[in-house]
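Here is a walk through one protein model, written for someone who would rather look at side chains than read a table. Keep the structure open beside the text as you go.

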Amino acid sequence: MELNRKNTKKIIFILCFTITFCLFLIHIGDVWGAIVGIFDVLLPVIIGFCFAFIVDPVVGFFERSVFYDLPKRYPVHGKGTARGLSILLTLLLVAGFIALFFHIVVPEVEDALAVVSNTLPNSSANFVTDINAALTRRHINVQIPAEKLSDWNALLTSAADWLQKALGFGSVDSLLETAKTVLSRFITGLFGFIISIYTLAQKERIDRALRRFIRAYTSEKTAARIFRINELVRVSFRNFITGQVLDALIMAVLCFIGMEIFRFPYAGAVCAVVGVMVLVPQVGSWIAGTIGTLLSLTQSFTKALLFVVFYETLVQIKINVISPKVVGKVTGLPGILVLISVIVGGNIAGVVGMLIAVPICSIVVVLLHDDINRRLACKKPAPAAVSAAQAPVKNMEK
């Protein structure tokens, strides 16, 4: 290789990159700690931007459909008033949904858990008696001791003590640390909420400032590429959120219909919990299934077992049929790519990986499609080749 100025720059870049990468691997613990520290500092900003990004379509809907005539009537302050009223209505709508959920679902769940705590000891003892009778009829010399299942108060007390020790609530110092952590998270959420309101109110101004910054410090070609990727990220994540919400609504409706058909108790409360919790990958489905099983225990163990089978079937239908179809249609991805993205993202980064895997896959697919089209457009068209089926025919004619 000729050692000219261009090649020298490449060699220096490769050496610097190699040294930096080796230092990164050597001090990966310190680097990760620094990243976590920066993330904690920027957490209110991240929360604010994420919340503003999620509710921005609702704000835009109110601004375009409800308060569209205010800027025409009041040219000076009409636009700002329309934006402020749209943000206020959006926040009231979100707060109303949360309050409605807690007003309808939580009381029913509390009542059902009270019924479970009162009826579970006798139900479990009767269930064990039935199993022992069935084993005796089949001449199986195995008996399950029912006496150990009768003292549910002691069992619940032991579970509460274990949970208290696991969470560190055993001393005054741990209580103070927990209170400090809760207060810190509350302040972080409050600052994030304030940042989200400011972002929604000044989104055009923030967008113009960021575009000016990018154009000032990059070339026009690089800036256009950054703007293109930013638009893809915005559209992909927004479509993904829309698909997730639609997926949760379909899941809640199917759960309600199935519970009404099979006469499971507390269908309204369970389907509301399912509709909310399935938005959280992995953990949410388990929480919703556990609550539904406990509520089914208010009738019998058989009902609870049937609910477990029903809910697991519904979850498998959601994972393999509903999610790939609904989310794939909204994001423009084939169902197989949606399924692969969720699996790979979950294996790499857990819940967070599952949340961001589909939008990232959508962005990569669009960028790859654009790059393929650009490369094919730069190439000369290949000459028409004689197909393999026509070649023997021509040889035979000769």
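At roughly what angle do the axes of helix H2 (residues 28-41) and H3 cross, and within what distance do they come? They cross at roughly 60° and come within 4 Å. One thing to keep in mind from here on: this is a predicted model.

## The overall build

Scroll along the chain and you'll meet 14 helices and zero strands. Read from the N terminus, the order of elements is simply α-α-α-α-α-α-α-α-α-α-α-α-α-α.

The protein has 398 residues, and 26% of them are buried. Its accessible surface comes to about 27,300 Å², with 70% of that belonging to carbon and sulfur atoms. Take the contacts with a separation of 6 or more: 64% of them are between residues 24 or more positions apart.

## How H3 sits against H2 and H9

Two packed helices are described by the angle between their axes and the distance between the axes. Back to the opening pair: an angle of 65 to 115 degrees would count as roughly perpendicular, but H2 and H3 cross at roughly 60°, so they are oblique to each other. On the H2 side the meeting residues are Phe 39, Asp 40 and Val 41, and on the H3 side they are Leu 43, Pro 44 and Ile 46.

Now look at H3 with another partner. Helix H3 (residues 43-65) and helix H9 (residues 220-261) have axes that come within 11 Å and cross at roughly 75°. That makes H3 roughly perpendicular to H9. H3 brings Phe 53, Ile 54, Asp 56 and Pro 57 to this contact, while H9 brings Arg 234, Phe 237, Arg 238 and Ile 241.

## Salt bridges around Arg 83

Side chains of opposite charge can pair when their charged atoms come close. The model has seven salt bridges, and Arg 83 is a good place to zoom in. Arg 83 forms a salt bridge with Glu 63, with the closest N and O atoms 2.9 Å apart. Because Arg 83 lies in helix H5 (residues 78-137) and Glu 63 in helix H3, the pair ties together parts that are 20 residues apart in sequence.

Arg 83 also forms a salt bridge with Glu 204, and here the closest N and O atoms are 2.7 Å apart. Glu 204 lies in helix H8 (residues 203-217) and Arg 83 in helix H5, so this pair ties together parts that are 121 residues apart in sequence. Glu 63, Arg 83 and Glu 204 are thus linked in a network of salt bridges.

How buried is each member? Arg 83 is buried, with a relative accessible area of 6%. Glu 63 counts as buried too, at 16% relative accessibility, whereas Glu 204 is partly exposed at 31%.

## A buried pair between H9 and H12

Lys 318 forms a salt bridge with Asp 247, the closest N and O atoms being 3.4 Å apart. Lys 318 lies in helix H12 (residues 301-331) and Asp 247 in helix H9, so the pair ties together parts that are 71 residues apart in sequence. Both Lys 318 and Asp 247 are buried.

## A greasy spot on the outside

Finally, turn to the surface. Phe 13, Ile 14, Phe 17, Phe 21, Phe 24, Leu 25 and Ile 28 make a nonpolar surface patch of about 730 Å². Helix H1 (residues 5-26) supplies the largest share of the patch, six residues.

Ile 14 is one of the patch residues, and it lies in helix H1. Why does Ile 14 count as exposed? Its relative accessibility is 52%, and the cut-off for exposed is over 50%.

Technical notes. Residues numbered from 1 in each chain as written. Predicted model: local features only at pLDDT ≥ 70, side-chain atom pairs only at ≥ 80, totals over all residues. Heavy atoms only, no water. Patch = residues over 30% accessible without salt bridge, like charges linked within 9 Å, V, L, I, M, F, W, Y side chains within 5 Å. Areas by Shrake-Rupley, 256 points an atom, 1.4 Å probe, with all protein chains shown as cover. Salt bridge = Lys/Arg side-chain N within 4 Å of Asp/Glu carboxyl O. Helix = DSSP H or I, 4+ residues; strand = E, 2+ residues; numbered from the N terminus. Buried < 20%, exposed > 50% of the residue type's maximum accessible area, 1.4 Å probe, protein only. Contact = heavy atoms within 4.5 Å. Axes fitted to C-alpha atoms, helices over the stretch in contact; angles between N-to-C directions. Parallel < 35°, antiparallel > 145°, perpendicular 65-115°, else oblique.
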